[in-house]
Amino acid sequence: MVRKIIKIDEEKCNGCGICASACHEGAIDIVNGKAKLVRENFCDGFGDCLPGCPTGAISFEEREAPAYDEAAVKAAHGCPGSRFMTLKSGNQKENDLSQDMISRMSTHPSRLMQWPCQIKLLPTQADFYNGAKLLVAADCTAYAYANMHEEFMKGKVTMIGCPKLDDGDYTEKLTEIISNNDIVSVTIVRMEVPCCGGLQRAAENAIKNSGKFLPWQVVTISRNGEVLD
């Protein structure tokens, strides 16, 4: 159908992410430092993203596009905080950042590359999976192991979960992600406690079920924060 939909001028876009935050439907992601309309059927054409754009990169256009799918929006984004987004990596070169941004950066920047990071909330297909190294980690590992960001998360798409607290099994979801995307490796980081075995088994079975030959490893963290193997 022909309808009103937003248009993003990537030449003008500075990747600030204001539009992605303003879009309650989750139609916009930040991809490679630029705003991108990645889900046309999620765009309602109301333009909540327009007023906040500091560079005037967003406008309306009328063109052929999928109809707005309210049911799909509700199913995928019942919680606004679960909207998919590629994040600017903490290893970004300083000359790509403003002086103000540099001054506000922590000396230990976050290495999280995408949002969301909970296995249950992650999509089965997304741009941030292209050529990705996956980190499948138990929730508690980030609290037990002090250098989680630098040693394990850096350069990887991070996926976290707790098989004891989450309902169901992760195997099917992880299988879809590995099967349908260009995944290059998988690292599993678990705690030494027995319940973390469910996370490890799900990831291992997903790799096998995908039919792909991928390099993978399992790292176990002790309760006092030591790497056991």
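The exercises below, each with a worked solution, concern a predicted model.

**Exercise 1. Classify the ring pair formed by Phe128 and Tyr129, and state whether these residues are buried or exposed.**

Solution. The cut-off comes first: two rings pair if their centres lie within 6.5 Å, and planes over 60 degrees apart count as edge-to-face. By this rule the structure has two aromatic pairs. In the pair made by Phe128 and Tyr129, the ring centres are 4.9 Å apart and the planes stand at 65 degrees, so the pair is edge-to-face. For the second part, Phe128 is buried, and Tyr129 is buried as well.

**Exercise 2. Find which residue lies over the face of Phe60, and at what distance from the ring centre.**

Solution. A charge sits over a ring if NZ of Lys or CZ of Arg is within 6 Å of the ring centre and within 35 degrees of the ring normal. The residue over the face of Phe60 is Lys4, at 4.5 Å from the ring centre.

**Exercise 3. Describe the second largest pocket by its volume, its lining and the classes of its lining residues.**

Solution. Begin with the volume, which is about 220 Å³ for the second largest pocket. Next comes the lining of this pocket, which is made up of 14 residues, with Asn32, Thr86, Met113, Asp127 and Phe128 lying nearest the centre. Sorting the lining by class then gives six nonpolar, six polar and two charged residues. Phe128 also belongs to the edge-to-face pair of the first exercise.

**Exercise 4. State how many cavities of 30 Å³ or more the structure holds, and set out the volume and lining of the largest and the second largest.**

Solution. The structure holds two cavities of 30 Å³ or more. The largest cavity contains about 90 Å³ of space, and its lining has 15 residues, of which Cys23, Glu25, Asp44, Asp48 and Cys49 lie nearest its centre. By class, that lining divides into nine nonpolar, three polar and three charged residues. The second largest cavity has a volume of about 70 Å³, and of the 14 residues that line it, Cys13, Cys16, Cys19, Ala35 and Cys53 lie nearest its centre. The lining of the second largest cavity has ten nonpolar and four polar residues but no charged ones.

**Exercise 5. Check the span of helix α7 against the expected value, and decide why the helix can be called largely enclosed.**

Solution. Helix α7 covers residues 197–210, and at 1.5 Å a residue its 14 residues should span 20 Å; the C-alpha atoms at its ends are 20 Å apart, which agrees. The expected span is 1.5 Å times one less than the number of residues. Turning to burial, where the cut-off is under 20% relative accessible area, ten of the 14 residues of α7 are buried, so the helix is largely enclosed by the rest of the structure. Among the buried residues are Leu199, Ala202, Ala203, Ala206 and Ile207, and also Gln200 and Glu204.

**Exercise 6. Locate Asn32 and Pro116, and say what is notable in the backbone at each.**

Solution. As background, most residues other than glycine have a negative phi, and most peptide bonds are trans. Asn32 lies in the loop between β2 (28–31) and β3 (34–37), and its phi is near 50 degrees, a positive value in a residue other than glycine. Asn32 is exposed, with a relative accessible area of 74%. Pro116 lies in the loop between β6 (114–115) and β7 (132–138), and a cis peptide bond, with omega about 0 degrees, joins Trp115 to Pro116. Pro116 counts as buried, at 1% relative accessibility. The C-alpha atoms of Pro116 and Thr86 are 9.1 Å apart in space, although these residues are 30 apart in sequence.

**Exercise 7. For Cys140, Arg39 and Lys120, give the loop, the accessibility class and a residue that is distant in sequence, with its C-alpha separation.**

Solution. Take each residue in turn.

- Cys140 is in the loop between β7 and α4 (141–144) and is partly exposed, at 45% relative accessible area; its C-alpha atom is 9.1 Å from that of Arg223, 83 residues away along the chain.
- Arg39 is in the loop between β3 and β4 (58–64) and counts as buried at 13% relative accessibility; Val73, 34 residues apart in sequence, is 9.8 Å from Arg39, C-alpha to C-alpha.
- Lys120 is in the loop between β6 and β7 and is partly exposed, at 46% relative accessible area; its C-alpha atom and that of Ile160, 40 residues apart along the chain, are separated by 8.7 Å.

Definitions and conventions. Residues numbered from 1 in each chain as written. Predicted model: local features only at pLDDT ≥ 70, side-chain atom pairs only at ≥ 80, totals over all residues. Heavy atoms only, no water. Phe/Tyr/Trp six-rings, centres within 6.5 Å; stacked < 30°, edge-to-face > 60°. Buried < 20%, exposed > 50% of the residue type's maximum accessible area, 1.4 Å probe, protein only. 1 Å grid on protein atoms, 1.4 Å probe; cavity = no way out; pocket = protein on both sides within 12 Å on 5 of 7 lines; lining within 4 Å. Points joined across faces, edges and corners; volume = space filled by probe spheres on them. Nonpolar A, V, L, I, M, F, W, Y, C, P; charged D, E, K, R; others polar. Helix = DSSP H or I, 4+ residues; strand = E, 2+ residues; numbered from the N terminus.
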